[in-house]
Amino acid sequence: MPSTPLDEFIESAKALKIRSATAHIGSRYCDYDITSKTFEPRVPYFVGYPDRRYLFISEEVPEEFHPAVLAHELWCARQKGRGDPDHCRHAAVHELLYVPNRAFKAYLDMRLKTFEALVELYGSCGDTDFVRAATASRDQFRMLVSDPGA
Ligand SMILES: [Zn+2]
């Protein structure tokens, strides 16, 4: 079978794998790879789950935040598969269940940086569904970061 651009994207991420890991998310265990941040230096704290085929996260993301960031990807993909047009923003709410309380503010700041970078990078030329989804999550994190109760 000829390789597709998605195959190549996944292979290039795998080539920069640092190590495999397992996260405990709710009642399940989830295997993923930790990837060198050089894979996409323009997107801080990146995470990827292209076509639900390969789950990977930047080495920059602190270990204690892995479950929440990965929970987003799993939920986002699942809701998208179910036809939820607001899948990314819904996932941005769901993931907060897995954030350690004492690090809540740091987590929100980190996620806002990622989504701001995604919108900046793909806003003018990327896939419109992806841009719309990323913009909705960026706005969600902006709102949470500015909440004095957070
Ligand atoms: Zn999402």
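A crossing of two helices is left-handed if the near helix is turned anticlockwise from the far one by less than a right angle, and right-handed if clockwise. With that convention in hand, the helix pairs of this predicted model can be taken in turn. The crossing of α4 and α5 is left-handed. These two helices pack with an angle of about 145° between them, and their axes are 9 Å apart. On the α4 side, the contact is made by L108, D109, R111, L112, F115, E116, L118, V119 and Y122. Facing them from α5 are F130, V131, A134, T135, S137, R138, F141, R142, L144 and V145. Sorted by class, the residues of this contact comprise twelve nonpolar, two polar and five charged.

Helix α5 also meets α3, and here the crossing is right-handed. The axes of α3 and α5 come within 7 Å and cross at roughly 35°. From α3, the residues involved are H87, C88, R89 and A92, while α5 brings A133, A134, A136, S137, Q140 and F141. The contact of α3 with α5 divides into six nonpolar, three polar and one charged residues. A reader following individual side chains may like to note that A134, S137 and F141 are among the α5 residues that meet α4, and that A134, S137 and F141 are also among those that meet α3.

Helix α3 has a further partner in α2, again with a right-handed crossing. The angle between α2 and α3 is about 145°, and their axes are 8 Å apart. In α2 the contact draws on A71, H72, W75, C76, Q79 and K80; in α3 it draws on H87, C88, H90, A91, A92 and H94. Six nonpolar, five polar and one charged residues make up the contact of α2 with α3. H87, C88 and A92 of α3 thus appear in the contact with α2 and in the contact with α5.

Attention now turns to the sheet. Four strands form an open sheet in the order β1-β2-β4-β3, with mixed pairing. Its edge strands are β1 (17-25) and β3 (47-48), each of which pairs on one side only. Helix α2 packs on this sheet, where it touches β1, β2 (28-35), β3 and β4. The direction of α2 makes about 85° with that of β1.

Going through the sheet in strand order, β1 and β2 pair in the antiparallel sense over eight bridges. One of the residues of this pairing is A23, whose bridge partner in β2 is C30. The hairpin of β1 and β2 has two residues between the strands, and within this hairpin G26 takes a positive phi near 60°. Next, β2 and β4 run parallel and are joined by three bridges; T35 has S58 of β4 as its bridge partner. Finally, β3 and β4 are antiparallel, paired over two bridges, and G48 finds its bridge partner in F56 of β4.

Two residues in the loops around β3 deserve a friendly word of their own. Y45 lies in the loop between β2 and β3 and has a positive phi of about 60° although it is not a glycine. Y45 has 19 other C-beta atoms within 10 Å and is therefore partly exposed, since a residue counts as buried at 20 or more. R52, in the loop between β3 and β4, likewise is not a glycine and has a positive phi of about 60°. R52 counts as exposed because it has 12 C-beta neighbours inside 10 Å.

What remains is the interior. In soluble globular proteins, nonpolar side chains tend to be buried together. The largest nonpolar core of the model has 30 residues, and those with the most contacts inside it are I57, A68, V69 and L70. Two or more residues each are given to this core by β4 (56-58), α2 (66-81), α3 (87-94), α4 (104-122) and α5 (128-146). Helix α2 supplies the largest share, seven residues. L70 offers a good vantage point on these surroundings: leaving aside residues up to four places away in sequence, L70 touches A23, I25, C30, Y32, V47, L55 and I57. Two of these, A23 and C30, are the bridge partners already met in the pairing of β1 with β2.

Methods. Residues numbered from 1 in each chain as written. Predicted model: local features only at pLDDT ≥ 70, side-chain atom pairs only at ≥ 80, totals over all residues. Core = buried A, V, L, I, M, F, W, Y, C linked by C-beta atoms within 7 Å. Contact = placed C-beta atoms within 7 Å. Pairing = 2+ DSSP bridges. Axes fitted to C-alpha atoms, helices over the stretch in contact; angles between N-to-C directions. Nonpolar A, V, L, I, M, F, W, Y, C, P; charged D, E, K, R; others polar.
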